[in-house]
Amino acid sequence: MPRHAILVIDMLNDFVGEKATLRCPGADLIVPNLQKLFKWVRERRANGKDEVQIVHIQEAHRKNDADFRVRPVHAVKGTWGSDFIDELKPEGDEYIVQKRRHSGFAYTDLDLYLREENIDTVVLTGVWTNVCVRSTASDAIHRAYKVIVLSDGTQSKTQEMHESGLRDLSLFSKIMTIDEYIDAWEKGIDPWTGAGDRENKVE
């Protein structure tokens, strides 16, 4: 079987909840879905199965980050806004990757970590589908990883943005629900099977 890393992108105080600076309203809806996914992964690892692991991607800007030339100040390193929401905090030895750009791969050690762990497939969750999730997925493809996006484990500012992001991502990744993903593993099937748009049908 392959080895997967579930990348949890920016489930932070400045993106989730009413006090968030860059609030992603749909993020509240995916919190229980991700809790279910976390529980499944953590129970597997407690039983000695390490083919799937959780990696937390944390936006952590410097005070005068270039990103703030085009977006509101948010997720400054060391602040409440950059911290993980209480419902989805890292546990144990789950790896944390801090980033200052949209992609989890941009100027971080994510690629090095995944290669050290012999990960061949990245599974994307978190916010925003059409920005940070999409950018991370693109960079993963550039580095020859297989990409899965969990449709009910990602969200954006609006449903339209979310669905547009998923449509674009479906060109080169596997779009599936959390239940479908778990079910594939439980049946011994590679969840990535059937990824992409080989017949050019997506419109």
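Here is a short back-and-forth about this predicted model.

Reader: Let's start with the record. Which residues does UniProt list for "domain: Isochorismatase-like"?

Author: The label comes from an unreviewed UniProt entry. In the model, the stretch it covers is 31% helix and 22% strand, and its end C-alpha atoms are 17 Å apart. The residues listed in UniProt are 5-179.

Reader: Now the sheet. What is the order of its six strands?

Author: It's an open sheet, with parallel pairing. The edge strands, each pairing on one side only, are β3 (95-99) and β6 (174-176). Neighbouring strands are turned by 25° against each other on average, ignoring direction. The full order reads β3-β2-β1-β4-β5-β6.

Reader: Over how many bridges do β1 and β2 pair?

Author: Strands of a sheet can pair in a parallel or antiparallel way, through backbone hydrogen bonds. Here the sense is parallel, and you can follow it residue by residue: I6 stands opposite I54, L7 opposite V55 and V8 opposite H56. The number of bridges between β1 and β2 is six.

Reader: Are the faces of β1 covered or open?

Author: On one side sit H4, I6 and V8, and on the other A5, L7 and I9, all of them buried. That fits the count for the strand, where six of six residues are buried. So, for both faces of β1, the word is covered.

Reader: And β2, how many of its residues are buried?

Author: One side carries V52, I54, H56 and Q58, and these are buried. The other side carries Q53, V55, I57 and E59, buried as well. For β2 the tally of buried residues is eight of eight.

Reader: Let's zoom in on H56 in β2. Which side chain does the side chain of H56 make a polar contact with?

Author: H56 counts as buried because its relative accessible area is 1%. Leaving aside neighbours within four places in sequence, its contacts include V8, F38, R42, F84 and Y95. At 2.8 Å, the polar contact of its side chain is with the side chain of E94.

Reader: R3 caught my eye too. Is R3 buried or exposed?

Author: R3 is found in the segment before β1. Its contacts beyond four places in sequence include E51, Q53, E117 and D120, and its side chain makes a polar contact with that of D50 at 3.3 Å. The cut-off for this class is under 20% relative accessible area. R3 has 18% relative accessibility, so it counts as buried.

Reader: What about N47, is it buried or exposed?

Author: N47 has its place in the loop between α1 and β2. A polar atom of its side chain lies 3.1 Å from the backbone oxygen of E43. The cut-off here is over 50%. Because N47 has 64% relative accessibility, it counts as exposed.

Reader: How far apart in space are N47 and G104, C-alpha to C-alpha?

Author: Along the chain, N47 and G104 are separated by 57 residues. In space, C-alpha to C-alpha, the distance between them is 29 Å.

Reader: On to the packing. Which element supplies the largest share of the largest nonpolar core?

Author: That core has 32 residues, and M11, L37 and Y181 have the most contacts inside it. Elements that each supply at least two of its residues are β1, α1, β2, β4, β5 and α5. With eight residues, the largest share comes from α1.

Reader: How many residues are in the other core, which lies apart from it?

Author: Among the members of this other core are A5, L124, C132 and L169. Its residue count is 22.

Reader: Back to M11 for a moment. Which phenylalanine does M11 touch?

Author: Leaving out residues up to four places away in sequence, M11 touches V16, A27, I30, V31 and L34, among others. The list also includes I85, L88, G126 and V127. The phenylalanine in it is F84.

Reader: Last one: at about what angle does helix α3 run to β4?

Author: Helix α3 (residues 129-142) lies across β1, β2, β3, β4 and β5. Helix α4 (residues 159-169) lies across β5 and β6, running at about 165° to β5. For α3 against β4, the angle is about 165°.

Key: Residues are numbered from 1 along each chain as its sequence is written. This is a predicted model: local features need pLDDT of at least 70, side-chain atom pairs count only at pLDDT 80 or more; totals for chains, interfaces and linings use all residues. Side-chain values use heavy atoms; hydrogens and water are left out. UniProt positions are given in the numbering used here, feature names are shortened, and annotations may be inferred rather than shown by experiment. Helices (H or I, at least four residues) and strands (E, at least two) are DSSP runs, numbered from the N terminus. A nonpolar core is a set of buried Ala, Val, Leu, Ile, Met, Phe, Trp, Tyr and Cys residues joined through side-chain atoms within 4.5 Å. Buried means under 20% relative accessible area, exposed over 50%, partly exposed in between (1.4 Å probe, protein chains only). Contact means heavy atoms within 4.5 Å. Two strands pair if DSSP finds at least two bridges between them. Axes are lines fitted to C-alpha atoms, for helices over the stretch in contact, and angles run from 0 to 180 degrees between N-to-C directions. A polar contact is a pair of N or O atoms within 3.5 Å; within protein, one must be able to donate a hydrogen and the other to accept it, and residues adjacent in sequence count only if both atoms are side-chain atoms.
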